[in-house]
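User: Please take a close look at the interior of this protein, beginning with any enclosed empty space and going on to what is packed around the inside.

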Amino acid sequence: MSKFDRRAVAARGPRTRRAVAARLAAALAAVTAAAAVGAALPGLQASAATGTVTGYAAVNGGTTGGAGGQTVRATTGTAIHQALCNRASSSTPITIQVEGTINHGNTAKVSGGSCNTAAGVIELKQISNVTIVGVGGGAVFDQLGIHIREASNIIIQNVTVRNVKKSGSPTSNGGDAIGMESDVRNVWVDHVTLEASGGESEGFDGLFDMKDNVQYVTLSYSTLRNSGRGGLIGSSESDRSNGYVTFHHNLYENIDSRTPLLRGGIAHIYNNHYVSLHESGINSRAGGRAKVENNYFEDSKDVLGTFYTSEAGYWQVAGNIFDNVTWSSPGSENNPAGPNVQSNTSVSVPYSYGLDPASCVPDVVRRTAGANKGLQVSNGSCTPQSPTASPTSSPTSNPTTTPTTSPGGTNLSIGAGSDGSSKASGTSYGNVRDGDLSTYWSPSGSTGDISIKWGSATTVSRVVIREAAGSSGAIGSWQLLNAGTGAVLKSGSGAGTITFTATPLTKITFRITGASGTPKVAEFETYAS
């Protein structure tokens with residue numbers, strides 16, 4: 001029995017230790033036996049991505065993956081890469097049905113104009129509109145991680161990813177089972193099992209990590225277990241460009257910490273079952289805000305709070321059950337939420353959702369969470385049910401629609417001045433205020449500032465950012481600033497119309513903080529109303 005198995009048993013009282021040990025042993029034996037002989041696992045029904053996306057992955061244009069595109073079957077990692085590379089373009093929708101064990105021995109780099117792959121990792125890089133779904137006897141990614149980078153509209157469903165290492169041999173994906181980074185949008189991970197066999201000292205890292213501008217993600221009906229780190233949102237205290245992540249109906253079992261670690265951003269965490277969290281659980285810090293509802297925390301320590309930093313995070317709580325949870329004393333770098341758990345912020349979410357009572361969460365999660373469970377979901381009344389049909393709507397490459405007509409009133413940018421950060425060769429600051437959509441400004445890199453300025457205070461309440469032809473969707477995350485005061489007027493992602501409280505200013509800056517290609521701003525229009 002590994003140290004993590006021992007911890008899982010020791011964390012519970014005498015009333016459950018023998019039962020837990022037996023259940024862990026039986027579960028591990030069943031998984032090992034099934035993987036060894038390729039046996040069909042009971043309850044596995046998926047033949048394509050099914051169900052309805054929920055949470056933050058359902059907003060910002062929604063997440064449809066490869067719906068409407070070709071469906072192909074893959075039994076090796078190389079075949080997955082070939083499917084991506086054989087598409088007409090990097091955004092052509094595709095569903096890849098995976099069966100069997102994917103490992104280092106059968107995952108090679110494949111080249112092509114519609115892909116950017118690497119050996120020893122499933123690489124979803126600089127692409128969009130893809131579904132990967134386990135079918136048949138099940139899909140196991142063995143010591144091989146899934147890396148999502150500079151990508152959007154991705155679904156991963158009904159797969160197991162296990163024992164991915166960042167040190168030792170073999171290594172893959174920085175030690176993350178599923179890792180997302182660098183301008184990722186709209187990812188739905190559903191009914192997956194993510195597991196390790198230890199912590200950092202054994203060579204493992206996170207099970208579900210997001211960093212460097214990852215937004216609009218949902219993790220649902222999944223199992224994360226036997227790891228030192230559940231996952232993070234933000235790689236450091238300064239990496240606060242991530243957020244809008246929903247976690248619901250997941251099982252976190254036998255984890256040291258990070259369920260998740262939230263730095264900046266917003267997370268909605270509901271109807272999850274947490275068992276045997278050894279050091280800390282939901283760690284909201286560095287300005288992060290978590291809405292924590294109707295979860296069941298069991299046989300664990302410090303399941304919510306700000307830990308290992310003096311930079312505070314915040315939480316709104318309701319309906320949670322704390323069963324045999326212990327709390328440490330507050331300190332300069334530890335602020336546990338308990339034992340008297342109270343809200344210290346308010347978080348609103350832009351979507352509807354159904355809440356199961358916390359009392360039934362252990363049972364409904366046990367019956368639905370993880371790969372090879374028939375993709376069962378809760379009906380909102382503690383009863384598992386079969387999922388609804390696959391999403392059928394076609395994905396969009398740019399969820400935010402760029403307006404084709406100007407708002408009412410005068411474009412105040414015409415006749416104004418403009419400046420910005422370093423510009424790409426052949427472009428001009430003045431191109432964003434000349435009324436000509438055929439000319440544009442680009443930063444010298446993938447991010448930068450472009451500003452409109454006036455000789456006296458001018459009241460602005462609406463901005464329209466128009467991208468040049470052929471570059472639609474390149475602009476990712478942004479901030480709109482009052483350049484005179486540095487105040488952030490609005491933040492978001494994608495080009496289009498931006499409204500905010502009417503503000504008198506002499507200079508307004510559109511700051512691009514993330515992009516999926518080379519941003520090309522054809523017009524930076526400003527309006528009083």
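Analyst: A cavity here is a set of points on a 1 Å grid over the protein atoms alone where a 1.4 Å probe fits but cannot get out. The model is predicted, and a search of the whole structure finds one cavity of 30 Å³ or more. The space in the largest cavity is about 30 Å³. Its lining includes Asn-163 and Val-164, the run Gly-175, Asp-176 and Ala-177, and the run Phe-204, Asp-205, Gly-206 and Leu-207. Glu-195, Ala-196 and Ser-227 also line the largest cavity. By class, five of the lining residues are nonpolar, four are polar and three are charged.

Next, the packed interior. The largest nonpolar core has 67 residues. Those with the most contacts inside this core are Ile-96, Phe-141, Ile-148, Met-180, Phe-208 and Phe-247. Helix H3, residues 77-85, gives the most to the core, with five residues. Apart from the largest core lies another one of 23 residues, including Ile-475, Phe-500, Leu-505 and Phe-510. In soluble globular proteins, nonpolar side chains tend to be buried together.

Helix H3 is mostly covered, with eight of its nine residues buried. The buried ones are Gly-77, Thr-78, Ala-79, Ile-80, His-81, Ala-83, Leu-84 and Cys-85. They pack against four strands: S1 (70-74), S2 (94-102), S3 (122-125) and S4 (128-142).

Phe-141 touches Ile-80, and also Val-98, Ile-102, Ile-122, Ile-132 and Ile-146, leaving out residues up to four places away in sequence. On that same count, Phe-141 also touches the run Val-159, Thr-160, Val-161 and Arg-162.

Polar side chains also have a place in this picture. Gln-157 lies in strand S6, residues 152-157. Gln-157 counts as buried because its relative accessibility is 0%, and buried means under 20%. The side chain of Gln-157 is joined to that of Asp-190 by a polar contact of 2.7 Å.

A second glutamine, Gln-376, lies in the loop between helix H4 (361-368) and strand S27 (377-378). Its side chain makes a polar contact of 3.3 Å with the side chain of Ser-386. Leaving aside neighbours within four places in sequence, Gln-376 is in contact with His-191, Tyr-221, Arg-367, Thr-368, Pro-384, Gln-385 and Ser-386.

Note on methods. Residues numbered from 1 in each chain as written. Predicted model: local features only at pLDDT ≥ 70, side-chain atom pairs only at ≥ 80, totals over all residues. Heavy atoms only, no water. Core = buried A, V, L, I, M, F, W, Y, C linked by side-chain atoms within 4.5 Å. Buried < 20%, exposed > 50% of the residue type's maximum accessible area, 1.4 Å probe, protein only. Helix = DSSP H or I, 4+ residues; strand = E, 2+ residues; numbered from the N terminus. Contact = heavy atoms within 4.5 Å. Polar contact = N/O pair within 3.5 Å; in protein donor to acceptor, adjacent residues only side chain to side chain. 1 Å grid on protein atoms, 1.4 Å probe; cavity = no way out; pocket = protein on both sides within 12 Å on 5 of 7 lines; lining within 4 Å. Points joined across faces, edges and corners; volume = space filled by probe spheres on them. Nonpolar A, V, L, I, M, F, W, Y, C, P; charged D, E, K, R; others polar.
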